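Please read this report with the sequence and the model side by side. The sections move from a single loop residue to its chain, and from there to the partner chain and the contact between the two.

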Amino acid sequence: MTDGSPPDLSVDLAPRNPRELRLANPVIAASGCFGYGEEYAGVIDVQRLGAFVSKGITPERRSGNAMPRIIETPAGMLNAIGLQNPGISGFIRKYPPMWERWTVPAIVNISAETIEDYAAMAARLDEQPGVAGIEINVSCPNIARGGYCFGWDPGMSADVTRAVRDVTTLPLIVKLSPGATDIVAVAEAVEAAGADAISLINTLVGMVIDVQHRRPLLANLTGGLSGPAIKPIAVRMVYQVAAAVKVPVIGMGGIMGLRDALEFFLAGASAIQIGTAIFVDPGLPIRLIDELQAWLEHEGFASIGQIVGIANEGFRRGDSAALTAWETAGA
Amino acid sequence: MEMGHESGSSREFEGQILAIDPIMGDSLLLTVSAPPAIVQRLRPGQFFNIRCRFPSAYDPLLRRPFSVYRVDVERSALIFLVRPYGRGSAWLADRVVGDRVGLLGPLGNAFTFSPRTQRVLMVAGGVGVAPLVMLSDEAVAKGMDVVFIMGAADESGLLASSELAGSVEFVAATDDGSRGHRGLAPDMTADYVPWADQIFACGPEPMYRTLRAVVDPLRVNRKPPVQISVERGMACGLGACLGCVVETRHGMVASCVKGPVFDLDEVIL
């Protein structure tokens, strides 16, 4: 630090988009863990967040899955909420008008089962005041392909991204599924199809068996695993993807404190999302903003951008020697 | 750094354990300090999400919901009834006086008395007794007549009637018949349904199905009304995750903000 000013935490998550997605700091509340923002208004200073991502919105209203929907797991949890939401029309009536009066950028997470539905929702959000960007959830079954998850396939993920890109100039984030066989291939495909940024990882599909009743515990049978249990997988995938793409990467998966957050930045994330931790430690995102700034200052960095990816020496896809060396070295 | 500490707001705070007292066999009453504004404004039926691990640990990850058994205004403290039957509650039951625990709350809605209510019937199942003790105190303070039916597995699991105000009529039911009626708490409600202006219940979900079966044939025009507190596993406690929903006549609603107290006639059990 030469001029004595505090380290710069701001970040633009859509540098190749004229509409920009400029955040005052790189800490974002993750989709599904923060409702529509108002739920936490009485608990934390929501406006201080870098941004937040809404619950997943679908073309039609959904009442969600039967109960039980959540179950705790070792250092984590499984959830199968089933995208309970008011649908795009009910959503647009209620939330963007509220967000328009807020200073914090609101990003809308969208989910659909056909490419046409993704595009139709994005088109309606395009000129909607109060909406700062779109995050595409590609971890949905593609009805036209027999329910195979969009996000597991580079081509299908790119098709969704392109269809949405064609109908909106809003900053566009694609949220990758860790269930993809080759997450780097999916990242490269959505980047080429017009994504402004890539966020990862979504939850991993898991199951808990209720031994007493001898059946899966969740009514939905499977659920998404989140929390500190998945963090090493998330860090590895962020590391791989950040080495392969030029667009900003937003890292998430089990961040519970400053050290976890720093791992993601060092691996190549330009920003982070906080999900499950908000449930158990709602003050964490705001605390992290201050702790990040203090850490950067202490370590002599002028901006958050200076630490992005500095642990990342490249991770070539299919390079088993690199993988083995990396695994041996640290994990 | 204005907010570098543990607590992000007044609804998220750390309390200190001021007392631990045994109650109801293997359970404990945990007295935890809390800001006066929270203690004074707390309504019977509201709950707190309590962190049941050391802050640096990740397991068990989720907070646990506990409704308040009673408040101690003089000591500015909340009293929780803790039965160590799971990993979270067992951790909490292992604390000692002076330890600190993380609380988020108060959360949820509360039991409510109708303006003309004079006679109230409480129906408690096991540790579900907690919020009804506080509600009972309030009813007595308002000059109401209270009948308090409690069910437990055996005699050791019952609340000592001395925990309630002297004017409260206490009726016991045990699964094994070791004290009071042999059977479930709802079995004992029939005699009191015509008498009561309102019924308040808190216990496991099967108890509510039994309660409905017992009281419905005796009610006229859905009177007396029945308020129940629904316990669901939950994550956020703030209506964000939708993990704790209850199916009602108006759809799936988050029990942590629209509940935990519901009208029995509104809930699909």
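## A loop residue in chain B

In this predicted model, B:Ala110 sits in the loop that links strand S6 (100-107) to strand S7 (119-125) of chain B. Is B:Ala110 exposed or buried? It falls between the two, because 19 other C-beta atoms lie within 10 Å of B:Ala110, which makes the residue partly exposed, whereas 20 or more would be needed for a residue to count as buried.

Apart from neighbours within four places in sequence, the contacts of B:Ala110 are B:Arg43, B:Pro44, B:Gly45, B:Gln46 and B:Val261. One of these, B:Pro44, is 66 residues away from B:Ala110 along the chain, yet the C-alpha atoms of the two are separated by 5.6 Å.

## The two domains of chain B

The domain assignment divides chain B into domain 1 (12-107) and domain 2 (119-263), and the C-alpha centres of these two domains lie 21 Å apart. Where they meet, 18 residues of domain 1 of chain B are in contact with 19 residues of domain 2 of chain B.

On the domain 1 side of this contact, the elements that supply two or more residues are strand S3 (47-50), strand S4 (64-72) and S6 of chain B. S4(B) gives the most, with five residues. By class, the domain 1 side that touches domain 2 consists of 10 nonpolar, five polar and three charged residues.

## The barrel of chain A

In chain A, eight strands close into a barrel with parallel pairing, in the order S3-S4-S7-S8-S11-S12-S17-S18, and from one strand to the next the twist averages 25°. Within this barrel order, strand S7 (residues 106-110) and strand S8 (residues 133-137) of chain A run parallel and are joined by four bridges, with A:Val108 standing opposite A:Ile134 in S8(A).

## An enclosed helix and the nonpolar core

Helix H4 (residues 183-192) of chain A is largely enclosed by the rest of the structure, because seven of its 10 residues are buried. Which residues of H4(A) are buried? They are A:Ile183, A:Val184, A:Val186, A:Ala187, A:Ala189, A:Val190 and A:Glu191. The elements that cover them include helix H3 (154-167), strand S11 (172-175), strand S12 (197-200) and helix H5 (231-244) of chain A. After H4(A) comes A:Gly194, which has a positive phi, near 115°.

The largest nonpolar core of the model has 199 residues, and those with the most contacts inside it are A:Ile198 and A:Val238. H5(A) provides the largest share of this core, seven residues, and the core also draws at least three residues from each of domain 1 (12-107) and domain 2 (119-263) of chain B. Leaving out residues up to four places away in sequence, A:Ile198 touches A:Ala187, A:Val190 and A:Glu191 among others, and these three are among the buried residues of H4(A). The other residues that A:Ile198 touches include A:Ile173, A:Val174, A:Val241 and A:Val249.

## A hairpin and its further partner

S5(A) and S6(A) form a hairpin with two residues between them, and in the turn A:Ala75 has a positive phi of about 50°. The two strands run antiparallel and are joined by four bridges, one pair being A:Thr73 and its bridge partner A:Gly76 in S6(A). S6(A) also runs antiparallel to strand S16 (residues 223-226) of chain A, to which three bridges join it, and here A:Met77 stands opposite A:Ser226 in S16(A).

In a regular strand the side chains alternate between the two faces of the sheet. In S6(A), A:Gly76 and A:Leu78 point one way, while A:Met77 and A:Asn79 point the other way, and all are buried.

## Where chain A meets chain B

How many residues of chain A are in contact with chain B? There are 34, and they are in contact with 29 residues of chain B. The elements that give two or more residues to the chain A side are strand S5 (70-73), strand S6 (76-79), helix H7 (276-280) and helix H8 (284-299) of chain A, so both strands of the hairpin described above take part.

H8(A) gives the most to the side of chain A that touches chain B, with five residues. By class, this side has 19 nonpolar, nine polar and six charged residues.

Key:
Residues are numbered from 1 along each chain as its sequence is written. Chains are lettered from A and ligands numbered from 1 in the order in which they are written. This is a predicted model: local features need pLDDT of at least 70, side-chain atom pairs count only at pLDDT 80 or more; totals for chains, interfaces and linings use all residues. Two residues are in contact if their C-beta atoms, placed from the backbone, lie within 7 Å. Ala, Val, Leu, Ile, Met, Phe, Trp, Tyr, Cys and Pro count as nonpolar, Asp, Glu, Lys and Arg as charged, and the others, Gly among them, as polar. A residue is buried if 20 or more other C-beta atoms lie within 10 Å of its own, exposed if 12 or fewer, and partly exposed in between; C-beta atoms are placed from the backbone. Two strands pair if DSSP finds at least two bridges between them. Axes are lines fitted to C-alpha atoms, for helices over the stretch in contact, and angles run from 0 to 180 degrees between N-to-C directions. A nonpolar core is a set of buried Ala, Val, Leu, Ile, Met, Phe, Trp, Tyr and Cys residues joined through C-beta atoms within 7 Å. Domain bounds come from an automatic or database domain assignment.
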